[in-house]
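Me: Give me a close look at the aromatic rings here, and at whatever is packed around them. Please keep it chatty, but spell out the cut-offs.

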Amino acid sequence: MTDPVRTTTPSVTDPDRPDPTVGRKPKQTPLEQMGGASGLVYTMLPIVAFVLANASLGLTPAIVAAIGVALALTALRLVRKEPVQPALSGLFGVAVASFVAWKTGSAKGYFLLGIWSNVVLGGIFLLSIVVRRPLAGIIWGALNGTAATWLKDKPSRRYYDIATLALTAVFAARFVVQQWLYEEDATGWLAFAKIAMGYPLLALALLVVVWAARRSGKRLKAQDGSAPAAQA
């Protein structure tokens with residue numbers, strides 16, 4: 001008569017095994033990668049300072065006010081040890097916009113570069129769909145450190161095509177509205193449109209990008225799970 005086979009159940013946790021979650025930084029949201037909620041406010045302040053100073057003091061003081069506010073915000077981020085890259089990008093954008101306004105001698109020239117950059121960006125995003133490399137997926141993968149295996153999956157590529165079209169629509173809407181206000185010399189409304197159609201409109205398009213990423217991720221996970229079974 002043989003002894004019954006003894007079975008042992010493995011312990012749920014191994015005290016000697018290091019926890020892989022310890023020390024791991026939480027994944028940043030797209031909003032946090034763009035500078036967080038404070039980044040949205042910092043983007044608006046130089047524009048508001050420019051418009052208010054231009055209305056009461058003229059173009060040159062407006063340029064000085066916009067650059068001064070941008071410099072102050074950059075210094076504030078350094079003091080508070082916040083991410084500096086959004087502030088430096090914003091400072092560069094304010095400096096270039098102010099230079100264009102100074103060269104054109106018109107306050108509305110401050111917004112000219114931003115208006116036409118929408119045409120360039122919209123064209124690039126649209127072209128990426130034509131060449132079957134939708135930029136929404138490529139940028140999302142770069143920000144989140146994921147591989148571009150979705151390019152080989154047609155439904156996944158279609159999801160990112162839709163997301164890229166959403167971003168293209170944002171750039172197109174910005175250009176149409178802001179160019180019309182530029183031609184109407186409506187500097188105040190142009191500033192309002194730049195703020196309202198900036199991050200808020202981009203956030204709506206990012207919802208489509210997140211939807212595409214989740215749909216694609218589910219498909220790729222399902223394919224990875226079925227691969228061993230198919231090979232067996």
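Reply: Let's start with the tally: there are 9 aromatic pairs, where rings of Phe, Tyr and Trp (its six-membered ring) pair if their centres lie within 6.5 Å, with planes under 30 degrees apart called stacked, over 60 edge-to-face and the rest tilted. One of them is Tyr110 with Phe111, an edge-to-face pair at 5.2 Å centre to centre and 75° between the planes.

Before going further, some ground rules. This is a predicted model, so local features need pLDDT of at least 70 and side-chain atom pairs count only at pLDDT 80 or more, while totals for chains, interfaces and linings use all residues. Numbering runs from 1 along each chain as its sequence is written, and side-chain values use heavy atoms, with hydrogens and water left out.

Back to the rings. Tyr110 counts as buried because its relative accessible area is 4%, and Phe111 does too, at 2%; buried is under 20%, exposed over 50% and partly exposed in between (1.4 Å probe, protein chains only). Ring pairs also bring in Phe50, making a cluster with Tyr110 and Phe111.

That trio turns up again in the largest nonpolar core, which has 24 residues: Phe50, Leu59, Tyr110, Phe111 and Leu190 touch the most other members. A core here is a set of buried Ala, Val, Leu, Ile, Met, Phe, Trp, Tyr and Cys residues joined through side-chain atoms within 4.5 Å. Helices α2 (36-56), α3 (59-79), α4 (85-104), α7 and α8 (187-196) each put in at least two residues, with α3 giving the largest share, 5. Helices are DSSP runs (H or I, at least four residues), numbered from the N terminus.

Now follow Leu190 outwards. Setting aside residues up to four places away in sequence, Leu190 touches Lys108, Phe111, Ile115, Gln178, Leu181 and Tyr182, contact being heavy atoms within 4.5 Å. Two of those partners meet as well: the charged end of Lys108 sits over the ring of Tyr182, 4.4 Å from its centre (NZ of Lys or CZ of Arg within 6 Å of the ring centre and within 35 degrees of the ring normal).

Helix α7 also holds Gln179, which is buried because its relative accessibility is 15%. Beyond its neighbours within four places, Gln179 contacts Ile115, Trp116 and Arg174. As for α7 itself, its 30 residues (154-183) should span 44 Å, and the end C-alpha atoms are 43 Å apart, which agrees; the expected span is 1.5 Å times one less than the number of residues. Just past α7, Asp185 has a positive phi of about 55°.
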